[in-house]
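Here are my notes on this model, point by point. Please read them with the coordinates open.

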Amino acid sequence: MDGEIITSLPMFPDPAEPITISSAGHKDIKAVDMLPACASPCLDSSAISISSSSSDEHCCDHPDCNSWGPATFEESGAVDELLDAPDVLKLPPHYDTEQLVRELAACTTTDNAFYVVDLSTVVSKLNDWKKELPRIKPLYAMKCNGDAKICRLLAKAGVGFDCASKAEIAQALSLRVRPDNLIYANPCKQANMLRYARQVGVLKMTADNVEELHKIRDIFPEARVVLRIAVDDSKSVCRFNSKFGCPPQEWDAMFSTARELGLNMHGVSFHVGSGCGDLKPFADAVSAARDAFDLAKSYGFSPTLLDVGGGWPGHDDGDFTFKDVAAVVADAVDHYFPASSGVEIIAEPGRYFAHASHTYAVTVIAKRPLSCAQLADTAEIESFGARPTKDTEETISSSSHADDGFKKAEASENQPEVALYINDGVYGSFNCVVFDHAHVRPMVLERRSGARTVATKLFGPTCDSIDVVMPCTRLPEMRVGEWLWFRGMGAYTRCAASRFNGQGEFDIHYVWAGMP
Ligand SMILES: Cc1ncc(COP(=O)(O)O)c(C=O)c1O
């Protein structure tokens, strides 16, 4: 990108505009030495007491007390830092994303794909979180998008991190996040990573099987073990129970083994699955966690941590909004874990923070009409990977796709006429189509009058025929060199992208918009 676009766009008008995150007041607090609003730590050292190299300090006496993070973004210094950063484009609130993408596309010197990363969306999300869930401290699931600027912003704001590996722990620590603001939330840990967690004092970690407890006892006996329980994930797009979560019939074995091994059972966690399509599993999971707490107590433990996991929606376009989920969880938490219980509550939101932050623009690098022979060959290939979107089903009328998106395309009226090859695909950021079951929505930047609508197949740029971003979608007829853009590309996209075939390169333009 050259400098022109930055100066031609209006600057963020008032850097001092309040971006308030309601909380008890903290003045001049730095990320490394944030202290709780209430001075009295109330963690029980647990029935089986284990020495710890870092402290958990939090308030649990006052339901309205946000004992984490600076009171406002101004105090965190995060806004000043962003406003000073030369590589962050300053925009007014409510800027026109499409217009911005158009201008960036017009002045790019390459035809590389590019992301627009709007950091102010992350702050908005944090504001909403603090408002709706004052008792629950978020630990960002950085696996979902480890973008350095997003992580730094969240770290400065006092958010903790859910880390799945040594590399993620190291990244979080490099942001000067305290080890006690991290959870090693991978129930199956590699031994040397567990050793590293011990070295750097990351005590909190999840476990969901007896074998793991032995490993923890051997390598990190002082760990604060959080039992990850299996909960109803049947309403979620990405389900985890087949791999993780301790079913209720195994809880006894976990607690008795932990007692034998002298481990500290510090709390209970769950994950309802990513992209949960119902509210009830959230409430039911909190209730199940209460049962697990009670059972833990019967084994002599004094658990003090409830981790309500991830699965928080990244947008409000579904059947319910973030506020709806927050209300259900807050009610359940207040019911089963009232403030008087002294239980610290954390969550592991990933998608919630990252989804809206990224807009992605790609170019059409090639185009061809599809022959009958090519169409006949697609069925087997598409039994894996990209599925027809709702849009396809609705607008192109597909009886064959409606009941099973993974089934082959059979109906001739559902077949694409033309293939566009774009410069990122399922081996790159559009891996979300395969792994995250994402329904991506392409939008055209250039609208030529009179362009007819065409049933279009979107291929990625690699030499693999499985690299299909969309098997069939309706788009205005496009030319090579024109741009498509996609909103909501922040979660489970870049982080899992490969450079297979030397493809998948993209540029990034960071944006900071004045908060509405
Ligand atoms: C242990 C754990 N916590 C949190 C998350 C984040 O989930 P989400 O992005 O749905 O909030 C994941 C996602 O895979 C996870 O595995």
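1. Loop geometry first, starting with Asn501. The model is a predicted one. Asn501 sits in the loop that runs between strand 18 (483–486) and strand 19 (506–513). Its phi is positive, about 65°, although Asn501 is not a glycine. Most residues other than glycine have a negative phi. Is Asn501 buried or exposed? Neither label fits: 15 C-beta neighbours lie inside 10 Å, so Asn501 counts as partly exposed.

2. His94 deserves a look as well. His94 is not a glycine, yet it has a positive phi of about 60°. The residue belongs to the loop between strand 1 (88–91) and helix 4 (97–107). His94 counts as exposed because it has 9 C-beta neighbours inside 10 Å; the cut-off for exposed is 12 or fewer.

3. Gly158 also has a positive phi, of about 90°, and comes just after helix 6. Helix 6 spans residues 148–156. Its buried residues are Ile150, Cys151, Leu153, Leu154, Ala155 and Lys156.

4. On the chain as a whole: it has 516 residues, and 47% of them count as buried. The secondary structure comprises 17 helices and 19 strands. Take the contacts between residues at least 6 apart in sequence: 76% of these join residues at least 24 apart.

5. Two loop residues show such links across the sequence. Gly481 is in the loop between strand 17 (468–476) and strand 18. With 11 other C-beta atoms within 10 Å, Gly481 is exposed. What does Gly481 touch, leaving aside its neighbours within four places in sequence? Its contacts are Asp111, Thr363 and Val364. The C-alpha atoms of Gly481 and Ile422 are separated by 9.4 Å, and the two residues are 59 residues apart along the chain.

6. Thr304 is the other one. It lies between helix 11 and strand 11 (305–307), in the connecting loop. Thr304 has 21 C-beta neighbours inside 10 Å and therefore counts as buried; the threshold is 20 or more. From Thr304 to Met265 the C-alpha separation is 9.0 Å, with their positions 39 residues apart along the chain.

7. Now the helices. Helix 12 covers residues 322–336, which is 15 residues. From first C-alpha to last it reaches 21 Å, close to the 21 Å expected at 1.5 Å a residue. Which of its residues are buried? They are Phe322, Val325, Ala326, Val329 and Val333. These residues cover an arc of only 95° around the axis, so they are on the same side of helix 12.

8. What do the buried residues of helix 12 pack against? Their partners are helix 5, helix 11 (280–298), strand 12 (344–347) and helix 13 (351–354).

9. Helix 5 passes the length check too. It runs over residues 119–132, 14 residues in total. At 1.5 Å a residue it should span 20 Å, and its end C-alpha atoms are 20 Å apart, which agrees. Buried residues in helix 5 are Leu119, Ser120, Thr121, Val122, Val123, Lys125, Leu126, Trp129 and Lys130.

10. Next, helix packing. Two packed helices are described by the angle between their axes and the distance between the axes. Helix 8 (residues 191–200) packs on helix 9 at an angle of about 50°, and their axes are 10 Å apart. That makes helix 8 oblique to helix 9. Their crossing is right-handed. At the contact, Ala191, Leu194, Arg195 and Arg198 in helix 8 meet Lys215, Ile216 and Ile219 in helix 9.

11. Helix 9 (residues 210–219) has a second partner to check, helix 10 (residues 251–261). Their axes come within 10 Å and cross at roughly 20°. Angles under 35 degrees count as roughly parallel, and helix 9 and helix 10 are therefore roughly parallel to each other. Helix 9 passes helix 10 in a right-handed crossing. On the helix 9 side the contact residues are Val210, Leu213, His214 and Arg217. They meet Ala253, Met254, Thr257, Ala258 and Leu261 in helix 10.

Definitions and conventions
Residues numbered from 1 in each chain as written. Predicted model: local features only at pLDDT ≥ 70, side-chain atom pairs only at ≥ 80, totals over all residues. Helix = DSSP H or I, 4+ residues; strand = E, 2+ residues; numbered from the N terminus. Expected span 1.5 Å × (residues − 1). Arc of directions from axis to C-beta. Contact = placed C-beta atoms within 7 Å. Axes fitted to C-alpha atoms, helices over the stretch in contact; angles between N-to-C directions. Parallel < 35°, antiparallel > 145°, perpendicular 65-115°, else oblique. Left-handed = near helix turned anticlockwise from the far one by under 90°.
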